[in-house]
Amino acid sequence: MTLKAIYILLLLSSVTFVAQASSMEEEVPVVIRAPAAVVSADQMASLHPESRARIQTIVDNKTLKAISNSRDWFIGEIIAIESQTPSTGIIGFVEVTGVDNRQDGTYEITCQLLRQSRQHFIQIGDLIMHLDLSSNNERYKGSTDLIVTQEAKSISSKYKPLFTQGVAVGDTAQTLWKDEFLVTWYGQLHYGLKEWLTVSTLVPANFLGAANAGVKAQMYESYSNVFAAGLNYAKIPNQTGSTLNLNLHWDSISSESVVSHTLLTIALFTFEDAQDTTAIKSLGTSSLQTGYEFILDNWDRVLLGPSYNFEKKTVGGYLTYLKIWDHFHLSFSLNATDVATLKFSPVDGYYLLFDAYWRF
């Protein structure tokens, strides 16, 4: 592929990114997406994990009133709405704007609608409730509408945006929360220096003559699109050369259960045998990859998509199942560096891979 062809490909990709981003911004309303309540530590300590109130009146298109036997409600907190329809689960979020003691042992809770499901209406008789999201909650079913995007303590990793799709697929546009760690089984360490800035290094390699470091900064975030940019540096053992890759990330919500991930990595510096490392993103080779993250009801993920490597001029791809617990992640994937070569080889064929990491 000539330099002119590569330039045209990148230009067309950029135009497509901007067009799709603009379209998505028009379709998705500007609303608060974080389901975690923003209350003080003393207030949180006094809350029952799943206090409830039943919707009694829908005042207008944004306001509803609910009745509760509990006084564990605070103005400004964000709480969930659970549908009365069996097996539907959480369908929206509201902010508490008023709490009135009715003097009969009950409390009237006035709420302002923040976000609701694209598939289910809010009805009189539905429940509003506090949710314990520190571990698995069967009522809280997987959906892009329910991803916790704002920092909150004791939130299970199930409900957070994916930070990485694995060593063979690469990172997303998301950064870790401030002071959050992610550690892989092979020694890759990521740390949230700021809410928008994550630094990383492969710890064992630093002791084996392969000093390395990475940084990823979130450049723009809306309710449906996230853009990030980063650099990855690595010294090649037993050589004088080093690699430096510029990484451009774009995440976009495609539907209620799908997030698309686009990664463009450009090798600014490379080394002689870099073509043999195409199985590892951002290590001396350039590639363009677009894939999809499917969120299942239990918050596990299925990841799939194609990739194009500029040095080898080959089309690869991946198919991954990612199982997520509260902190631990385990994935199994079928990957290809060249889909046209029907052989098992991480250099120019197919290969199987597992990945494991902890986020805390």
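**Figure 1. H329 stands opposite Y357 in β18.** The model is predicted: local features need pLDDT of at least 70, side-chain atom pairs count only at pLDDT 80 or more, and totals for chains, interfaces and linings use all residues. Residues are numbered from 1 along each chain as its sequence is written, and side-chain values use heavy atoms, leaving out hydrogens and water. Strand β18 covers residues 350-359 and pairs with β17 in the antiparallel sense, over nine bridges. Strands are DSSP runs of E with at least two residues, helices are runs of H or I with at least four, and both are numbered from the N terminus. Two strands pair if DSSP finds at least two bridges between them. On the other side of the view, β17 (residues 328-336) is joined to β16 (residues 314-324) by eight bridges, again antiparallel. Three residues lie between β16 and β17, which form a hairpin. K323 has L330 of β17 as its bridge partner.

**Figure 2. The twelve-stranded barrel is closed.** Its strand order is β7-β8-β9-β10-β11-β12-β13-β14-β15-β16-β17-β18, and the pairing is antiparallel. On average, neighbouring strands in this sheet are turned by 20° against each other, direction ignored. Such angles lie between lines fitted to C-alpha atoms and run from 0 to 180 degrees between N-to-C directions. Within the barrel, β11 (residues 225-235) and β12 (residues 242-253) run antiparallel and share eleven bridges. A228 pairs with H249 of β12. Y220 belongs to strand β10, residues 212-221. Its C-alpha atom is 9.6 Å from that of W250, although the two residues are 30 apart along the chain. Y220 counts as partly exposed because its relative accessibility is 40%. Buried means under 20% relative accessible area, exposed over 50%, and partly exposed in between (1.4 Å probe, protein chains only).

**Figure 3. Seven residues make a nonpolar surface patch.** The members are Y292, F294, L304, L319, L334, F344 and L352. The patch has an area of about 700 Å². Patch residues have over 30% relative accessible area and no salt bridge; nonpolar side chains (Val, Leu, Ile, Met, Phe, Trp, Tyr) are joined within 5 Å, like charges within 9 Å. L304 sits in strand β15, residues 301-309. With 33% relative accessibility, L304 is partly exposed.

**Figure 4. K65 and T110 face each other across the six-stranded barrel's β2-β5 pair.** This closed barrel runs β1-β2-β5-β4-β3-β6 with antiparallel pairing. Here, neighbouring strands are turned by 45° against each other on average, direction ignored. β2 (residues 63-68) and β5 (residues 107-116) are antiparallel and joined by six bridges. K65 stands opposite T110 in β5. K65 also forms a salt bridge with E108, whose closest N and O atoms are 4.0 Å apart. That pair ties together parts 43 residues apart in sequence, because E108 is in β5 and K65 in β2. A salt bridge is a side-chain nitrogen of Lys or Arg within 4 Å of a carboxyl oxygen of Asp or Glu. E108 is buried at 18% relative accessible area, whereas K65 is partly exposed at 24%.

**Figure 5. R139 and E82 meet in a salt bridge.** The N to O distance is 3.3 Å. R139 lies in the loop between β6 (127-129) and β7 (181-184) and E82 in β3 (residues 78-82), so the pair ties together parts 57 residues apart in sequence. R139 is partly exposed, with 26% relative accessibility. E82 is buried, with a relative accessible area of 13%.

**Figure 6. K160, E180 and R359 are linked in a salt-bridge network.** Between R359 and E180, the closest N and O atoms are 2.9 Å apart. R359 lies in β18 and E180 in the loop between β6 and β7, so their salt bridge ties together parts 179 residues apart in sequence. R359 and E180 are both buried. The structure holds eleven salt bridges.

**Figure 7. The whole protein has three helices and 18 strands.** Of its 360 residues, 50% are buried. Among contacts (heavy atoms within 4.5 Å) with a separation of 6 or more, 50% are between residues 24 or more positions apart. The accessible surface, from the Shrake-Rupley method with a 1.4 Å probe, comes to about 17400 Å². Carbon and sulfur atoms account for 61% of that surface.
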